[in-house]
Amino acid sequence: TFETERSLSGALGGGLLYAEVFSLTTLTRRILADAGVRTSFLSPQGRRIIVRRVADDSIHDLRAFAGVASSAGFSERVDELITRCKQFQIAPEQLEKAAAELPEGTPLAEKLIDLSLIYKRVQAYMLSRYLDDEDAFNAAAERIPQSFVKDAHVFIDGFSALNGQTYAIINALMQTA
């Protein structure tokens with residue numbers, strides 16, 4: 001954002017009056033704050049702690065991951081998978097559906113079922129308590145039409161990664177601004 005602010009300031013002749021530069025995360029947090037969302041934001045380490053707790057509590061319900069759920073690195077790997085699912089707007093139910101389309105008892109089906117179970121329980125635990133960046137992006141995309149962005153001029157300088165969430169935010173910006 002600093003580089004963009006500097007470039008914009010130079011293009012405008014040295015000032016940023018009535019112009020604001022946001023990263024996607026900062027824009028998201030501003031929209032949510034303006035909408036009155038006061039949920040605590042959870043760090044990646046906090047998410048991993050929740051994944052670890054859920055996995056430990058679910059050990060008897062797991063099929064493929066029961067033997068490795070307590071191992072070092074498990075919560076980090078599962079957190080990465082859940083994060084990717086959220087980024088590409090894949091719900092736990094979609095993982096279950098994909099598992100149901102595979103032959104029963106196959107390793108991939110078992111892993112998808114376990115991942116879906118942990119994902120659902122992590123979401124349930126976080127509901128009304130915490131918000132991670134992925135959930136915040138989805139919530140902000142829904143609130144953009146009622147935000148300060150309405151009828152504003154928006155210029156997109158670039159994104160480091162494009163995924164389903166980024167496209168949803170861009171779509172909401174294009175329809176609102």
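Hi everyone, this is a short talk about the empty spaces in the structure above, which is a predicted model.

Let's start with the idea behind it. Rolling a probe the size of a water molecule over the atoms shows where empty space is left.

So, how much volume does the largest pocket have? About 1,100 Å³. Its lining is made of 34 residues, and the ones nearest the centre are V21, F22, V154, F155 and I156. If you look at the helices, five of them each supply at least two lining residues: helix 1 (2-11), helix 2 (24-34), helix 4 (74-87), helix 7 (133-143) and helix 8 (164-176). Helix 8 has the largest share, with five residues. As for chemistry, this lining has 19 nonpolar residues, 11 polar ones and four charged ones.

Now find the second largest pocket, with about 150 Å³ of space. Among the residues lining this pocket are V37, T39, Y130 and D135. Helix 6 (107-126) and strand 2 (130-131) each give two or more residues to the lining. Here we have five nonpolar residues, three polar and one charged.

Next, the cavity. The structure holds one cavity of 30 Å³ or more, and about 40 Å³ of space lies in it. Which residues line this cavity? They are R47, V51, D79, I82, T83, K86, V122, M126 and D132. Two or more of them come from each of helix 3 (44-57), helix 4 and helix 6, and helix 4 gives the most, with four. The cavity lining has four nonpolar residues, one polar and four charged.

One last thing to spot on your screens: M126 lines the second largest pocket and also the cavity. Thanks for listening!

Key. Residues are numbered from 1 along each chain as its sequence is written. This is a predicted model: local features need pLDDT of at least 70, side-chain atom pairs count only at pLDDT 80 or more; totals for chains, interfaces and linings use all residues. Side-chain values use heavy atoms; hydrogens and water are left out. On a 1 Å grid over the protein atoms alone, a cavity is a set of points where a 1.4 Å probe fits but cannot get out, and a pocket is an open set with protein on both sides within 12 Å along at least five of seven lines; lining residues have an atom within 4 Å of a point. Grid points are joined across faces, edges and corners, and a volume is the space filled by probe spheres set on the points. Ala, Val, Leu, Ile, Met, Phe, Trp, Tyr, Cys and Pro count as nonpolar, Asp, Glu, Lys and Arg as charged, and the others, Gly among them, as polar.
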